[in-house]
Amino acid sequence: VRALERLARIGVLANLKELHLRENTLTEGAAQEIAETAQRGGFRGIRKLLLYNNNFGVQGVKNIAHAIQNGAFVNLEELHFYDDSLDGDGLKALYEAVSCVDAFQNLKLLHLRGDGMANDSLKLLADAMANGALAQLERLHLCLVGVDVNGVQALISAAENHGSLANLAILDIAYNCNAEAATVLGHAGVRGTFPRLHSLYLNCNGIPPRTWVELKQQALQNDIDVM
């Protein structure tokens, strides 16, 4: 990360479009350096950012979130963020940052994966979408980030009442272990709540077999894949 910072300082990264920092077990200190470099404009040209399986800790996630909120990744089109610290305060900070209307004007893909702990942060993101955030989003993956019923209902409300997620083609809440939330979202998805949706990933134990059959049948009628 320090090498990246030095390269950013001399302008070598000005044309960099993708940055992959994965399986590196980067720590909280590295997250701070990434955030500081980004806020100095070092990564402004990046379109795709992958932060996979590091060890940023809650404060490290907050540092990245702060950089996002300050517009350091304004040109980003894809954000893939896998970290066990994406729960509780870390996830809330990231949702708040992503929720800024001007933070991610061009974002088309948001893929978050945490440690599966339950939390109620998704409603923050959904409410921001209702106010115009992430208007270009085409793919939303929220895996193991504690998606709950209130968050799902807020997403549905944003779409139905505010026209949010109009470009959404893939919606993924796999492995959140909340059958009620998966069922509510499943019914909304297959009935056409998200007009461009073609793939819906629920992947949740506990959904009654009869409900699965109903979802599959309605999805087939509307040319939507449900898994």
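User: Quick one to start: is Cys177 buried or exposed?
Analyst: Cys177 is exposed, with a relative accessible area of 72%. The cut-offs are under 20% relative accessible area for buried, over 50% for exposed and partly exposed in between, using a 1.4 Å probe and protein chains only. Keep in mind that this is a predicted model, where local features need pLDDT of at least 70, side-chain atom pairs count only at pLDDT 80 or more, and totals for chains, interfaces and linings use all residues. Residues are numbered from 1 along each chain as its sequence is written, and side-chain values use heavy atoms, with hydrogens and water left out.

User: And Cys143, buried or exposed?
Analyst: Cys143 counts as buried, at 1% relative accessibility.

User: How many disulfides are there?
Analyst: Zero. The rule asks for a pair of cysteine sulfur atoms within 2.5 Å.

User: OK, what about confidence: what pLDDT does the chain average?
Analyst: The average is 84, and 89% of the residues score at least 70. pLDDT is the predictor's confidence in each residue, on a scale from 0 to 100.

User: Which element has the lowest mean pLDDT, and which the highest?
Analyst: Helix α1 (residues 2–9) is lowest, with a mean of 52, while β6 is highest at 95.

User: How many helices and strands are in the chain?
Analyst: Eight helices and eight strands. Both are DSSP runs numbered from the N terminus: H or I over at least four residues for a helix, E over at least two for a strand.

User: In what order do the strands form the sheet?
Analyst: It's an open sheet of eight strands, ordered β1-β2-β3-β4-β5-β6-β7-β8, with parallel pairing. At the edges sit β1 (18–22) and β8 (225–226), each pairing on one side only. Two strands count as paired if DSSP finds at least two bridges between them.

User: Let's walk through the middle. How many bridges pair β2 with β3?
Analyst: Five, between β2 (residues 48–52) and β3 (residues 78–82), in the parallel sense. Lys48 has Glu78 as its bridge partner in β3. Next along, β3 and β4 also pair in parallel over five bridges, and there Leu79 is matched with Leu110 of β4. Then β4 runs parallel to β5 with five bridges joining them, and Leu110 has Leu140 as its partner in β5.

User: How many residues of β4 are buried?
Analyst: Four of its five; β4 covers residues 109–113 and is mostly covered. For the chain, buried residues make up 52% of the 227.

User: Switching to Ser199. Where is it found?
Analyst: Ser199 is in strand β7 (residues 199–201). At 7% relative accessibility, Ser199 is buried.

User: Which side chain does Ser199 join in a polar contact?
Analyst: His198, at 2.9 Å. A polar contact is a pair of N or O atoms within 3.5 Å; within protein, one must be able to donate a hydrogen and the other to accept it, and residues adjacent in sequence count only if both atoms are side-chain atoms.

User: What else is Ser199 in contact with?
Analyst: Setting aside neighbours within four places in sequence, Ser199 touches Ala169, Ile170, Leu171, Ile224 and Asp225. Contact here means heavy atoms within 4.5 Å.

User: Now α6. Which of its residues are buried?
Analyst: Val149, Gly151, Val152, Ala154, Leu155, Ile156, Ala158 and Ala159. Among what covers them are α5 (122–130) and α7. Gln153, also in α6, is partly exposed with a relative accessible area of 40%.

User: How far is the C-alpha of Gln153 from that of Leu185?
Analyst: 7.6 Å, although the two are 32 residues apart along the chain.

User: What length should α6 span?
Analyst: 20 Å for its 14 residues at 1.5 Å a residue, and the end C-alpha atoms are 19 Å apart, which agrees. The expected span is 1.5 Å times one less than the number of residues.

User: Last topic, backbone oddities. What is phi at Leu144?
Analyst: Positive, about 55 degrees, although Leu144 is not a glycine. Leu144 lies in the loop between β5 (139–143) and α6 (149–162), and is partly exposed at 25% relative accessible area.

User: And phi of Tyr175, positive or negative?
Analyst: Positive, near 65 degrees, again in a residue other than glycine. Tyr175 sits in the loop between β6 (170–172) and α7 (179–190) and is partly exposed at 44%.
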